[in-house]
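Colleague: I should like to go through this model with you. Could we take it topic by topic?

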Amino acid sequence: MRSEAAAQLGGLERFASAGKGRGLRARRRFAVGELLFSCPAYAAVLTVSERGSHCDGCFARKEGLSKCGRCKQAFYCNVECQKEDWPMHKLECASMCAFGQNWHPSETVRLTARILAKQKTHPERTQSEKLLAVKEFESHLDKLDNEKRELIQNDIAALHHFYSKHLDCPDNAALVVLFAQVNCNGFTIEDEELSHLGSAIFPDVALMNHSCCPNVIVTYKGTLAEVRAVREIEPGEEIFSSYIDLLYPTEDRNDRLRDSYFFSCDCRECITKEKDKEKLEVCKLNDPPSAETVKDMIKYARNVIEEFRRAKHYKYILCFTMAPLVELLEICELSLDKMGAVFEDSNVYMLHMMYQAMGVCLYVQDWEGALCYGQKIIRPYSKHYPSYSLNVASMWLKLGRLYMALKNRTAGVKALKRAIAIMEVAHGKDHPYISEIKKELEDH
């Protein structure tokens with residue numbers, strides 16, 4: 001395994017990237033769809049909502065998983081997966097038994113606890129750190145505002161509360177640095193429909209710098225990150241991934257980058273802003289809206305998106321009751337009506353709210369409603385996102401499954417094949433997700 005991983009990194013090198021610090025550079029040519037390298041997770045945690053449907057150890061999606069005999073809250077493929085995960089799971093197992101329903105550390109706290117345990121049991125460099133060690137992670141500590149520092153202190157308090165009996169923690173200053181490092185360098189693992197599966201640390205993947213015009217894409221095979229080329233890469237060219245959702249216009253993207261990663265992007269797309277006009281398309285009317293009206297509506301859209309995120313967090317994720325879901329759908333529909341007086345359906349703020357509305361419809365199993373939103377979303381998505389976008393692939397996949405559920409096999413097959421075409425480049429042709437989708441086609 002060590003020699004195979006080394007070969008995968010053979011065509012790459014760490015280097016000093018002008019204006020960006022360290023980075024990753026190609027030493028040879030890579031073709032579209034080619035695997036540049038893979039990286040096992042240094043540490044990973046399965047999100048609580050996926051327990052029972054995915055293995056806590058390898059993240060495989062399976063039926064008939066076996067639960068931990070002690071806490072009865074962790075599930076595994078087999079004894080091997082359980083044994084391999086035990087050094088990490090034991091941090092939580094006794095604590096979950098002791099706290100019962102009151103055991104609720106955040107995913108960031110859980111991941112950080114595992115990093116601390118891993119650093120103690122594996123002080124040497126791991127297979128995940130061939131080019132970049134966890135201890136080298138940038139923390140941007142000097143750029144944290146009071147709010148971010150307070151959130152970190154809350155996480156530290158939770159770490160002590162839930163893990164103090166089973167984990168030797170460093171002092172507060174060291175924990176502040178570690179949590180800041182995790183916040184800047186952690187990865188979200190998602191499934192084929194971009195549903196959240198968990199969080200992880202992939203040190204070598206974190207070496208890549210950001211661009212809104214990325215030349216690689218990161219996908220996951222369980223707890224293994226894989227990096228593939230989404231366009232031809234020449235020797236000497238820097239390897240860039242995207243840290244953020246690329247749907248939004250330049251100003252929004254850079255606001256997100258500054259808030260989460262403390263830098264602004266200077267890629268070609270951010271300099272030229274060539275896609276912004278299409279992304280912010282306004283209605284074609286005999287009496288077009290004024291620049292001030294458009295500006296006010298953009299401000300409204302950004303505010304309602306933030307309001308929806310807060311509502312989704314507190315009412316949807318925590319409560320899971322039907323009334324909040326109805327409220328969320330109403331927020332979507334009302335904002336779509338208001339924005340629709342100024343924006344075209346292809347405007348990214350309209351697309352954002354349609355996507356949220358589609359998610360609510362899927363949750364309440366309103367297949368027709370979800371399909372209606374998805375059909376409006378897919379074409380603008382294909383235009384706004386880069387080639388081989390996971391967002392586009394997941395939307396084709398959702399549409400295909402909706403068509404199949406509604407007995408429209410012809411449209412379903414077409415949509416699923418479009419998803420596969422993108423995923424074969426992004427995930428690799430042998431990925432289990434692609435095998436599952438092909439089986440869906442055969443079964444229908």
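**Salt bridges and a pocket**

Modeller: Let us begin with one side chain in this predicted model. Arg125 is partly exposed, with a relative accessible area of 47%.

Colleague: Which side chain meets Arg125 in a salt bridge?

Modeller: That of Glu136, with 3.7 Å from N to O. Glu136 also counts as partly exposed, at 28% relative accessibility.

Colleague: Where do Glu136 and Arg125 lie in the chain?

Modeller: Both Glu136 and Arg125 are in the loop between H3 and helix H4 (146–163), so the salt bridge ties together parts 11 residues apart in sequence.

Colleague: And how many salt bridges does a search of the whole structure find?

Modeller: The search finds 29. One of them joins Lys20 to Asp266, whose closest N and O atoms are 3.0 Å apart. This pair links distant parts of the chain, 246 residues apart. Lys20 sits in the loop between strand S1 (12–17) and strand S2 (21–26), while Asp266 sits in the loop between helix H7 (250–261) and helix H8 (268–272).

Colleague: Are Lys20 and Asp266 buried or exposed?

Modeller: Each falls in between: Lys20 is partly exposed at 31% relative accessible area, and Asp266 is partly exposed at 48%.

Colleague: What about Arg268?

Modeller: The side chain of Arg268 meets that of Glu274 in a salt bridge, at 3.0 Å from N to O. Arg268 counts as partly exposed, with 49% relative accessibility.

Colleague: Which residues are linked in a network of salt bridges?

Modeller: The network links Arg51, Asp56, Asp85, Glu92, Arg110 and Arg114.

Colleague: Changing topic, how much space lies in the second largest pocket?

Modeller: About 700 Å³. The second largest pocket is lined by 26 residues, and those closest to its centre are Ala41, Tyr42, Glu84, Lys118 and Thr223.

Colleague: Which element gives the largest share of that lining?

Modeller: H2 does, with five residues. Strand S4 (43–46), helix H2 (79–99) and helix H3 (107–121) each supply at least two residues of the lining.

Colleague: What is the make-up of the lining by class?

Modeller: The lining of the second largest pocket has 12 nonpolar, seven polar and seven charged residues.

Colleague: Lastly, what does UniProt list for residues 55–93?

Modeller: The unreviewed UniProt entry lists "domain: MYND-type" there. Over residues 55–93, the model is 38% helix and 10% strand, and the end C-alpha atoms are 15 Å apart.

How values were computed. Residues numbered from 1 in each chain as written. Predicted model: local features only at pLDDT ≥ 70, side-chain atom pairs only at ≥ 80, totals over all residues. Heavy atoms only, no water. UniProt positions renumbered as here; feature names shortened; annotations may be inferred. Helix = DSSP H or I, 4+ residues; strand = E, 2+ residues; numbered from the N terminus. 1 Å grid on protein atoms, 1.4 Å probe; cavity = no way out; pocket = protein on both sides within 12 Å on 5 of 7 lines; lining within 4 Å. Points joined across faces, edges and corners; volume = space filled by probe spheres on them. Nonpolar A, V, L, I, M, F, W, Y, C, P; charged D, E, K, R; others polar. Salt bridge = Lys/Arg side-chain N within 4 Å of Asp/Glu carboxyl O. Buried < 20%, exposed > 50% of the residue type's maximum accessible area, 1.4 Å probe, protein only.
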